[in-house]
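This report concerns a ligand site and selected backbone features of one protein model. The structure is shown first, and the discussion follows.

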Amino acid sequence: MRHLLDSTDLTTGEIEQIILRALDIIAHPEQYAEACKGKKLATLFYEPSTRTRLSFTAAMMELGGNVLGFSDARSSSVSKGETVADTVRVVSAFADIIAMRHYKEGAPRVASEFSRIPIINAGDGGHSHPTQTMTDLLTIRRELGRFDHLTVGLCGDLKYGRTVHSLIKAMRRYEGVRFVLIAPHELALPDYMKAELGDAYTEVSTLEEAMPLVDVLYMTRVQQERFADRDEYERLKDSFILDERLMTLAGPNMIVLHPLPRVNEITVGVDNDPRAAYFRQVENGKYIRKAIIYTLLSDDFLHASGPAHPYESGTTACHNDRCIATTEPIEQKHYTDHDGVRRCYYCDHML
Ligand code: NCD
């Protein structure tokens, strides 16, 4: 059974296949109007979402399928204390595919271990968000025509921003891709992600320095809901604001992306700049989700062996309090990364 839990669950060949499928869907939507007729998507959203859930729903409707699920865990049996494992066992009996968003890191991976149907991770805590990454990749392809030899600036909350983590994991596989990191010290990229990047990144402390360097500027919101300390959020929330003056320092063909929702980090004055691609990006989100659902439900894909993620079982407990392994009664699992560091299989944090 194949799932989409992390951007590295797809080979670059499969990413290409899904991008081409999305482009075909954009060109010939009528040919897909009944592609998932009779199939059901369950959207299990334990954390607030507007665009991701609606985008999945619209995608399945346009494929001729149906959608069921919940958008507030308080209205489901979760409020009675049901585990993720039991919830997906039950939902496996009612649907053909699940899109899950959860505030605990690794929750969709746990779900995949108990599910009889494919699981799509629609965002797990501060960890991963692979369908946003596929949206970002489709946008980069449509706007710039390629994934290789690009310099990608990542700005804002690089610590808790799951969209950033997934985008890095996907893009570092293409030749000649470099990253420019722009974040306050307190919201710097986690060490496991820096280890992933090797020497393919530079850190700068201002947007002024970054603007002339980047082909893609990926702006993110400071993730208020992940802060334990409200004062710290208030102090950091407006660290970097992209405005029209900063845009004059960038090249004519660069693009600005943002997974949205935007809070303060891009002024509305930037919206009419042709390089501001974030509203076009939202639309691409629906097309790529159509392509993802279509592909994950196709026999060819389900029977192809995807990239392997070897792990070992152990007794060392994960100390990341945002990890599902600290609350759900599951076996502890770990893997050893390329630097020989043991990491939690569910959330990638160092053990
Ligand atoms: C992002 C998310 O949920 O991580 N939003 C989205 O999926 N479009 C980014 C965010 O919430 O800041």
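Leu 260 counts as buried because its relative accessibility is 11%; buried denotes under 20% relative accessible area, exposed over 50%, and partly exposed in between, with a 1.4 Å probe and protein chains only. This is a predicted model, in which local features need pLDDT of at least 70 and side-chain atom pairs count only at pLDDT 80 or more, while totals for chains, interfaces and linings use all residues. Residues are numbered from 1 along each chain as its sequence is written, and side-chain values use heavy atoms, with hydrogens and water left out.

Leu 260 belongs to the loop between strand 9 and helix 11; helices (H or I, at least four residues) and strands (E, at least two) are DSSP runs numbered from the N terminus. Although Leu 260 is not a glycine, its phi is positive, at about 65 degrees. The peptide bond that joins Leu 260 to Pro 261 is cis, with omega near 5 degrees. Most residues other than glycine have a negative phi, and most peptide bonds are trans. A further non-glycine residue with a positive phi, of about 70 degrees, is Asp 348, found in the segment after strand 12 (342-344). Asp 348 is buried, because its relative accessible area is 9%.

Leu 260 and Pro 261 are among the residues that surround the ligand, as are Arg 51, Thr 52, Gln 132 and Arg 162; such a residue has a heavy atom within 4 Å of the molecule. Helix 2 (51-62) and helix 6 (162-171) each contribute at least two residues to this shell. Polar contacts, defined as pairs of N or O atoms within 3.5 Å, are tabulated below.

| Protein partner | Ligand atom | Distance |
|---|---|---|
| Arg 101, side-chain N or O | oxygen | 3.1 Å |
| His 129, side-chain N or O | oxygen | 2.7 Å |
| Pro 259, backbone N or O | nitrogen | 3.0 Å |

Taken alone, the ligand exposes 320 Å², of which the protein buries 95%; these areas come from the Shrake-Rupley method with a 1.4 Å probe.

Gln 132, a member of the ligand shell, is also one of the buried residues of helix 5. In total, 12 of the 15 residues of helix 5 are buried. The end C-alpha atoms of helix 5 (residues 130-144) are 20 Å apart, which agrees with the 21 Å expected at 1.5 Å a residue; the expected span is 1.5 Å times one less than the number of residues. Just after helix 5, Gly 145 adopts a positive phi of about 80 degrees.

Terms used. A polar contact is a pair of N or O atoms within 3.5 Å; within protein, one must be able to donate a hydrogen and the other to accept it, and residues adjacent in sequence count only if both atoms are side-chain atoms.
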